[in-house]
Amino acid sequence: MPKTSARLLSLLSLLQTRRDWPGQRLAERLEVSPRTVRRDVDRLRELGYPIVSAKGPDGGYRLDAGTELPPLLFDDEQAVALAVALQVAATTGVGIEEAAARALATVRQVMPARLRHRIDMLRFTAVERPAVRPLPPVDGNVLMAVSAAARACEVLRFDYTPAPRAGAPDGAQAAGLPPRRVEPHHLVTWCGRWYLVAWDLDREDWRSFRADRMAPRTPTGPRFTPREVPGGEVAAFVTRRFEGYDDSGGRPCRGEVILDLPAATVSRYTHDGLVEELGPNRCRLVLGSWSWTGLASAIGRFDAGIEVVGPPELKEAFAHLARRYAGAAGPDRRQAARPAHDGHSPR
């Protein structure tokens, strides 16, 4: 019996490594007769493994999907990877923490002692990215519906709740809005949130939608031919969009200033701008951002004199921030002395 049990595990492992196995090839790998392979396949079926047989001279076997989840077989690396993945499931934002904990307990219970020891030695806490407000959970059914439409290349219709305005009750802005129509491309996660990257049919442009604000409608629309995201790679496209780059590869707001700081100091804190030395304590900085206000704020972190070369939108952004900061400081602070600059690092 031990020999038969070991052979059954080897057979199951082989069936999981490729879709179709000729019977004769399995017999050769297991060093048994084709008749023994047939008996072992029948034993696995009795244990709940849905193995499909193909008849004929080139017939073989395939591990298929069934109606129930049979016992699973993992090698050492797969088991450890699964345990680690289940422990970090709390940061996915899908509300599966309890299910993941139960799955981890089940997997650990059937692990051999050597693997349990490895898992128990790996203790860590999955910490989510700090946020002003807790991230809203995402309905797993929404993710499944969106992902299914993307996989089937079917137009997706959904109600979308935009970001609330200050003082507006939750959901007030969504009332009366028409459903969005998109060609879904890919689900992505960014900083604990789930987003759908899609081609917006009404706006004729690429858009990203937060999954926790989506309410898919049924049925889905007609099939479509998938488009290629700008740049051809989803991860790079999403990263550049969230960092404020447009489809041409640059940032939509780009300005030029002269700073009363050494070029070496500014270069140390500027990773995607152009810094040109103009003198011992003077340099030219060309920088881009996702908005003019954001660009002015980024430049303002250098606690030094600023001369705006252009464009006019950047000057207006500095004036806007000046009024806002003066209001935040209060009337008794507006005439306060400017703090001394140490000449080494931005504030």
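Here is a walk through a few parts of this structure, which is a predicted model.

Let's start with strand 6, residues 193-200. Of its 8 residues, 7 are buried, so the strand is largely enclosed by the rest of the structure. Who are its neighbours? On the one hand there is strand 5 (residues 180-190), which pairs with strand 6 in the antiparallel sense over 8 bridges. To find that pairing on your screen, look for L187, which stands opposite L196 in strand 6. On the other hand there is strand 7 (residues 205-210), which also runs antiparallel to strand 6 and is joined to it by 6 bridges. Here D200 has D205 of strand 7 as its bridge partner. Strands 6 and 7 form a hairpin with 4 residues between them, and in this hairpin E204 takes a positive phi near 50°.

D205 is worth a second look, because its side chain also meets that of R207 in a salt bridge, at 2.9 Å from N to O. Both ends of this pair are partly exposed: R207 has a relative accessible area of 29%, and D205 comes in at 25%.

Now step back to strand 5, where E183 forms a salt bridge with R227, with the closest N and O atoms 2.9 Å apart. This pair links distant parts of the chain, since R227 sits in the loop between strand 8 (214-216) and helix 8 (234-242), 44 residues away from E183. The two partners sit in unlike surroundings: E183 is buried, at 10% relative accessible area, while R227 counts as partly exposed, at 36%.

A further salt bridge brings together the side chains of D260 and R282 (3.2 Å, N to O). It too ties together distant parts of the chain: D260 lies in the loop between strand 9 (253-259) and helix 9 (263-268), and R282 belongs to strand 11 (residues 282-289), 22 residues apart. D260 is partly exposed at 39% relative accessibility, and so is R282 at 32%. Elsewhere, R7, D40 and R43 are linked in a network of salt bridges. The structure holds 15 salt bridges.

Finally, turn to the helices. Helix 10 (residues 292-300) packs against helix 11 (residues 312-329) at an angle of about 70°, with the axes 8 Å apart. The two helices are therefore roughly perpendicular to each other. Where they meet, helix 10 brings residues including W292, L295 and I299, and helix 11 offers L314, F318 and Y325, among them. By class, this contact has 9 nonpolar, 3 polar and 1 charged residues.

Notes
Residues are numbered from 1 along each chain as its sequence is written. This is a predicted model: local features need pLDDT of at least 70, side-chain atom pairs count only at pLDDT 80 or more; totals for chains, interfaces and linings use all residues. Side-chain values use heavy atoms; hydrogens and water are left out. Axes are lines fitted to C-alpha atoms, for helices over the stretch in contact, and angles run from 0 to 180 degrees between N-to-C directions. Angles under 35 degrees count as roughly parallel, over 145 as roughly antiparallel, 65 to 115 as roughly perpendicular and the rest as oblique. Contact means heavy atoms within 4.5 Å. Ala, Val, Leu, Ile, Met, Phe, Trp, Tyr, Cys and Pro count as nonpolar, Asp, Glu, Lys and Arg as charged, and the others, Gly among them, as polar. Buried means under 20% relative accessible area, exposed over 50%, partly exposed in between (1.4 Å probe, protein chains only). Two strands pair if DSSP finds at least two bridges between them. A salt bridge is a side-chain nitrogen of Lys or Arg within 4 Å of a carboxyl oxygen of Asp or Glu.
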